[in-house]
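I opened the notebook to go through cavities, packing and charge pairs in turn. My entries follow the order in which I looked things up.

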Amino acid sequence: MDKKILLGGAAALIMAGSMVATPASANISLELSGEAQVTISTSDSCGDAPATAAAQNDVTGHATLAALNTATGITFTSDSAGSMDVDTVTFTDYRCNPVTADNDNPVFGFAKEIGISASGTLANGLEVAFSDTLDLTDVDAEEGSFELELGGAFGTLTMGSVDSAVDSTSVGMPGELDYDVSTDGSAGFGLSYALPTMGALDVAISYFPNADDAGLDDSEYMDTFGIGAAFDAGMATVSFGFESASSNDADCSVSAAAVHTITTAAALITAVYGDSVCGDMDTIAIGAEMPVSDLTLSAGYSTIDSDQADRTTMGFGVETSVGDYTIGAGYAIQTLEFELGGEEDETTAVNFTAETALGDGVDLSLEFIQTDEDLFSQAAGAGSNSTYTAEIALTVGF
């Protein structure tokens, strides 16, 4: 008898718990989605054979070490009584099929991912949403990746591995070169707050407390703030964003070095002129999209100013539909300005795309990309190098 009473009591508790939990979850819907992709690509590089070696002064453009020191304002040392002529460096071989490698085309590839989303509106009007996309080809990198949203009349607060405010509001940004829509401080756990839409204006603010997620005050980037806005003017949509990150690492600068110990042209330019984007960073991004008849025109501009090198990217794009096909083209140019010496690297890219649906959830796409790099460190070796990539992708989504 006692046992039956105890079991009945336990069952009652379970039933009561279920009754309490049901209203809290009844308004939350769960959805699963996914995508699988198979690609066939071919690529090749058109770089010339580089020079075997060159004197360091040929690479830097200065006849003597004293001239280099004057140009940079830094005292570099050598083992050759002030001359750089006896010290030589080698260049990077950008050919796709040099003697030591084997070029295999075409290349088959694949991608696969699973998306999980849950969303709903609670009885008190609070909107709740959770989403996560798992890249099944790199599961380890996805362990800390998720987004949790709380929304309502106050706007939307997103927590987790969120985009920067600059990135989340940017429009345009065409071409195949990466625009700087965030700093290195936009990493780890972050918060993104989208204000309620004000007419045609959307504004977002992002905050990343610690890029390393370490909870320690010796992390390189902490307390990174960003703001972004997009305005739909009817004829066009424009966006603007700004983000700033301060680094705790004071070593991001060019310092005096023994030039004769450097053996490659790329390392020589890095050590002498400073061609890395690092340290304190400020980024600005501006974009625009505009429909014109059957065309959609887009343009983007971004710049990142760091303690060392600065990088600027700009591009233009056009897209249209012809029957069952969507076709587009883009052009982008990126300039990396070194910290010292007034030198720079320049990269340009042109891309053409075509896409069509073979059926519900099945897409076929083709993309061709031509990239040209004019690197200052390789100017005395083989000059600029050009690379093309052509890819066909079959994507099945559910």
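**Cavity**

I began with the lining of the largest cavity: G47, D48, P50, T92, Y94, Q378, A382, G383, S384 and N385. I am working on a predicted model. I looked up the volume of this largest cavity and got about 60 Å³. I then asked how many cavities of 30 Å³ or more the structure holds. The search gave one.

**Main core**

Next I turned to nonpolar packing. The largest nonpolar core has 27 residues. I noted V59, F76 and Y273 as the residues with the most contacts inside it. Which elements give two or more residues to this core? I found α3 (65-72) and α5 (265-273). The largest share, five residues, comes from α5.

I also recorded a second core, of eight residues, apart from the largest one. Among its members are V166, Y179, V181 and A332.

**F76**

I listed what F76 touches, leaving out residues up to four places away in sequence. From 65-69 I have L65, L68 and N69. Then come V254, S255, A256, A257 and V259. A271 and V272 complete the list.

**Helix α5**

Which residues of α5 are buried? I wrote down A265, L268, I269, V272 and Y273. Seen down the axis of α5, these buried residues fall within an arc of 95 degrees, so they line one face of the helix. I then checked what covers them. The cover includes α2 (56-60), α3 and β3 (88-89). After α5 comes G274. I read its phi as positive, near 80 degrees.

**Salt bridge**

My last search was for charge pairs. Side chains of opposite charge can pair when their charged atoms come close. Searching the whole structure, I found one salt bridge. D180 forms it with R311, and the closest N and O atoms are 2.8 Å apart. I placed D180 in the loop between α4 (165-169) and β8 (190-194), and R311 in strand β14 (residues 310-322), so the pair ties together parts that are 131 residues apart in sequence.

Is D180 buried or exposed? I have D180 at 7% relative accessibility, so it counts as buried. R311 is at 23% relative accessibility, so I entered R311 as partly exposed.

Notes. Residues numbered from 1 in each chain as written. Predicted model: local features only at pLDDT ≥ 70, side-chain atom pairs only at ≥ 80, totals over all residues. Heavy atoms only, no water. Salt bridge = Lys/Arg side-chain N within 4 Å of Asp/Glu carboxyl O. Helix = DSSP H or I, 4+ residues; strand = E, 2+ residues; numbered from the N terminus. Buried < 20%, exposed > 50% of the residue type's maximum accessible area, 1.4 Å probe, protein only. Core = buried A, V, L, I, M, F, W, Y, C linked by side-chain atoms within 4.5 Å. Contact = heavy atoms within 4.5 Å. Arc of directions from axis to C-beta. 1 Å grid on protein atoms, 1.4 Å probe; cavity = no way out; pocket = protein on both sides within 12 Å on 5 of 7 lines; lining within 4 Å. Points joined across faces, edges and corners; volume = space filled by probe spheres on them.
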